[in-house]
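The following exercises are to be worked with the sequence and the coordinates at hand. Each task is followed by a solution in steps.

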Amino acid sequence: MSTTPEDSRGIGTDEWVAQHGERAQRGTGLYARIGEAWMGLPSLVRWGIPLLLVVLVPFAGSNDYILRIGINLGLFLLLALGLNLVVGYSGLLDLGFIAFYGFGAYAYAALASEQFGLHLPSLLAIVIVVVTTAAFGFTLGLPSRRLTGDYLAIATLFFGQMFVVLMVSSDAVQFPWMDEPMDLTGGANGISNVDQLSVLGFTFDSNLSYYLLLIVLVVLATVATKRIHFSRHGLAWRSLGEDSLAAQHMTIPTVRLKLLAFTLGAGIAGLAGAIFASVQQGVYPSTFELPLLITIYAAIILGGLGSIPGVLLGAAIMTILPELLRFPEYSNWLFLVVLILGTIMYLKSWKLVPAVFAGMIAIGFIANVIFLAIGVPYLTTAEWAKGPLAPVLGSWIFMPEERVLIGNIAFVALVVAVAWMSLLTRRTTIILLPFVLWLAIFTWEVRLMLEPSITRQLLVGALLVVLMATRPQGIFGKPRVEVL
Amino acid sequence: MTERTPLLELRDVNTYYGQIHILQGVNLRVFEGEFVALLGGNACGKSTTLKTAVGLVTPKSGSVLIDGVEVTKEKPGERIRRGIAVVPENRRLFGPMTVMENLQIGAYTRSHVPKEDYDYVFDLFPKVAERRNQLAGTLSGGEQQMVAVARALMSKPKLLLMDEPSMGLSPLLVEQSFELIDDLHRQGVSMLVVEQNANMALSVADRGYVLQTGRVVLEGPAADLAQDAELRKAYLGR
């Protein structure tokens with residue numbers, strides 16, 4: 001990026017600040033040009049292309065496994081859009097959101113299974129579920145009249161946790177008018193054999209049918225929230241999240257809008273829960289614990305709070321990325337590509353890039369020599385290296401026989417090195433970079449590849465940290481500018 | 001003149017923050033077409049007076065009237081709908097929203113806003129029109145001040161309340177800011193301006209009140225106040 005005279009003026013100079021928006025818009029370079037061309041397309045095309053791709057997935061020779069990921073993604077998108085109304089627009093930190101999802105799922109299971117011998121028609125059951133979940137959301141929203149920020153977060157987190165405990169422990173509830181304790185929720189085993197959705201004689205009994213149903217629902221939810229976004233009430237909602245006191249000065253009915261956000265968000269979550277219960281044909285309390293809440297928050301923050309395309313993309317990344325990382329051959333590629341791209345983006349100089357990578361390769365061979373000289377027992381290339389990268393990595397990475405022990409040491413060294421590097425100047429960092437890069441690849445191949453399930457979580461976490469550090473407002477979020 | 005109904009009246013208002021007695025029997029009136037300045041040093045109760053008028057704090061005794069109607073028990077939203085608008089301290093624009101969206105929110109009380117109303121504020125502030133699609137948080141301090149005033153005007157208020165319009169602005173911008181306020185007043189907007197910069201405020205206001213530790217110690221035409229020896233000594237520093 002070239003340095004214009006304005007850039008050197010520094011922050012705080014009025015003109016410089018005033019031109020911030022224009023400067024951001026007239027970005028140069030390939031990335032900005034692609035972005036501009038994309039935004040230049042009519043919005044029907046911009047939304048239509050991803051939609052078409054998604055609809056075509058099942059017909060492009062995909063299997064049930066991919067459809068299941070698609071179904072999970074669809075449910076996740078619904079949840080993220082619902083949560084975005086509460087957190088992204090109204091700025092209410094609701095940590096009990098998953099309870100609505102769970103409530104919807106349990107309510108549907110109760111209405112359409114052998115648990116109580118009820119087998120209500122799907123449409124009726126879903127309407128009841130959505131309405132009761134919305135009412136539940138309204139009730140949980142009531143404290144938001146007085147509680148804000150952290151305090152609301154604590155109160156709602158408590159409700160969220162209480163929901164799981166209640167579901168686990170309500171398998172023997174003694175009502176005073178009954179002789180025997182009653183099983184309401186199936187306890188830790190949950191409720192199984194939940195009816196599948198059946199609408200107008202059509203039964204949703206395949207992954208494909210649910211996949212297509214969820215596409216329709218996600219499109220409807222997206223269109224609805226998009227319409228809200230630019231409406232008078234959407235505007236009021238967003239202003240409320242921004243500065244509730246100033247919104248009050250503009251006569252915006254803050255309490256009513258907060259409750260409406262809670263109610264609508266819960267209703268969407270309840271709908272997602274009901275579909276989840278019928279896809280799974282069962283509900284289990286462990287689904288609705290903290291990890292799901294954290295993942296959803298990660299998705300909407302990653303994509304950019306309050307931005308609809310951002311929320312959709314964030315949810316897609318958080319669903320698909322862990323699946324890609326499930327397979328060692330994919331995750332190996334992904335790791336190396338991200339590492340190399342990340343390094344190039346950090347260096348921002350075509351002269352330094354070859355130097356750093358040459359240094360990294362050299363350090364690898366030096367390490368081999370040192371390991372051999374000490375006499376560390378090792379595995380041959382054929383014994384460990386697999387996939388297309390095998391000949392390259394096999395000859396460069398030293399694979400000790402004691403993978404776990406040496407790998408653990410390398411891992412600790414890597415974490416310490418990365419943490420310390422954040423304190424160093426750019427110059428020192430670049431000097432140390434080849435070593436750290438080699439250490440990262442070494443640790444990856446020696447230790448992390450042994451345990452893909454832990455590794456993928458580590459990697460997702462690391463990616464999130466890097467992304468949020470470089471783009472705190474999320475992928476599509478608007479940068480938060482302090483109003484003085 | 002005293003027979004007319006004031007747009008805003010505070011009658012013998014006593015406001016407390018917990019145990020602390022902030023406003024001690026404040027009486028204040030703003031008539032239609034007037035530009036009233038509320039002056040005083042730090043922590044004398046200027047902002048609390050404004051907050052009491054808007055309804056962000058409730059007085060322990062005394063009453064607030066808007067256009068002759070008792071509103072002491074009403075919430076801020078209800079009071080504002082009666083025809084007052086506030087430019088809050090520090091402006092409090094909605095930073096990540098565009099200037100245009102800020103104006104739309106300013107007009108929230110009205111379900112339909114004719115295009116002329118936007119043209120009216122754009123005429124008043126050509127700079128705001130220029131920046132209408134920009135995020136409000138990226139504007140300079142002076143421009144933000146204009147947007148804050150424009151946003152308040154969008155509700156077509158009978159009375160405009162301004163809290164410290166000079167705060168955070170450079171001396172040159174303070175002067176421009178008061179010229180702008182004076183302009184608005186000439187166009188018929190009634191105003192109550194809370195200000196520390198007494199010199200500047202009295203040079204454009206019709207009437208002034210001076211607060212000291214929660215009491216009105218002086219009131220009168222702005223020109224007289226500007227000449228008042230005691231005031232000059234106490235607040236104007238000369």
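## Exercise 1: A helix pair

In this predicted model, helix α13 (residues 290–303) and helix α21 (residues 452–470) of chain A pack at an angle of about 35°, with their axes 10 Å apart. Determine the hand of the crossing, the residues that make the contact and their classes.

Solution.
1. The crossing in which α13(A) passes α21(A) is left-handed.
2. From α13(A), the contact is made by Ala298(A), Ile301(A) and Leu302(A); α21(A) contributes Leu464(A), Leu467(A) and Met468(A).
3. Sorted by class, this contact has six nonpolar residues, no polar and no charged ones.

## Exercise 2: The length and buried face of α7(A)

Compare the expected span of helix α7 (residues 122–141) of chain A with the distance between its end C-alpha atoms, then establish how its buried residues are arranged around the axis.

Solution.
1. The helix has 20 residues, and the expected span takes 1.5 Å times one less than that number. The result is 28 Å, and the end C-alpha atoms of α7(A) are 28 Å apart, so the two agree.
2. Residues under 20% relative accessible area count as buried. In α7(A) these are Ser122(A), Ala125(A), Ile126(A), Val129(A), Thr133(A), Ala134(A), Gly137(A), Leu140(A) and Gly141(A).
3. Viewed down the axis of α7(A), the buried residues fall within an arc of 160°, and therefore they line one face of the helix.
4. The cover over these buried residues includes α6 (97–111), α8 (149–169), β2 (198–199) and α12 (254–280) of chain A.

## Exercise 3: Helix α16(A) and its end

Apply the length test to helix α16 (residues 352–374) of chain A, list its buried residues and describe the residue just after the helix.

Solution.
1. For the 23 residues of α16(A), the expected span at 1.5 Å a residue is 33 Å; the end C-alpha atoms are 33 Å apart, in agreement.
2. Buried in α16(A) are Val353(A), Val356(A), Phe357(A), Gly359(A), Met360(A), Gly364(A), Ala367(A), Asn368(A) and Phe371(A).
3. Among the elements covering the buried residues of α16(A) are α15 (328–347), α18 (390–396) and α20 (426–446) of chain A.
4. Just after α16(A), Gly375(A) takes a positive phi of about 90°.

## Exercise 4: A loop residue in chain A

Locate Gln281(A), classify its accessibility and identify its contacts away from its sequence neighbours.

Solution.
1. Gln281(A) is placed in the loop between α12 and β4 (282–283) of chain A.
2. Its relative accessibility is 34%. Because partly exposed lies between the limits of 20% and 50%, Gln281(A) counts as partly exposed.
3. Leaving aside residues up to four places away in sequence, Gln281(A) touches Ser192(A), Asn193(A), Val194(A) and Gln196(A).
4. The C-alpha atoms of Gln281(A) and Asp195(A) are separated by 6.3 Å, although these residues are 86 residues apart along the chain.

## Exercise 5: Positive phi in chain B

State the phi of Asp67(B) and of Arg92(B), and describe the setting of each.

Solution.
1. Asp67(B) is not a glycine, yet it has a positive phi of about 55°. This residue lies in the loop between β4 (61–66) and β5 (69–70) of chain B, and at 33% relative accessible area Asp67(B) is partly exposed.
2. Arg92(B), also a residue other than glycine, has a positive phi near 50°. Arg92(B) lies in the loop between β6 (84–87) and α3 (99–106) of chain B, and is partly exposed at a relative accessible area of 31%.

Notes: Residues numbered from 1 in each chain as written. Chains lettered and ligands numbered in written order. Predicted model: local features only at pLDDT ≥ 70, side-chain atom pairs only at ≥ 80, totals over all residues. Heavy atoms only, no water. Helix = DSSP H or I, 4+ residues; strand = E, 2+ residues; numbered from the N terminus. Buried < 20%, exposed > 50% of the residue type's maximum accessible area, 1.4 Å probe, protein only. Axes fitted to C-alpha atoms, helices over the stretch in contact; angles between N-to-C directions. Left-handed = near helix turned anticlockwise from the far one by under 90°. Contact = heavy atoms within 4.5 Å. Nonpolar A, V, L, I, M, F, W, Y, C, P; charged D, E, K, R; others polar. Arc of directions from axis to C-beta.
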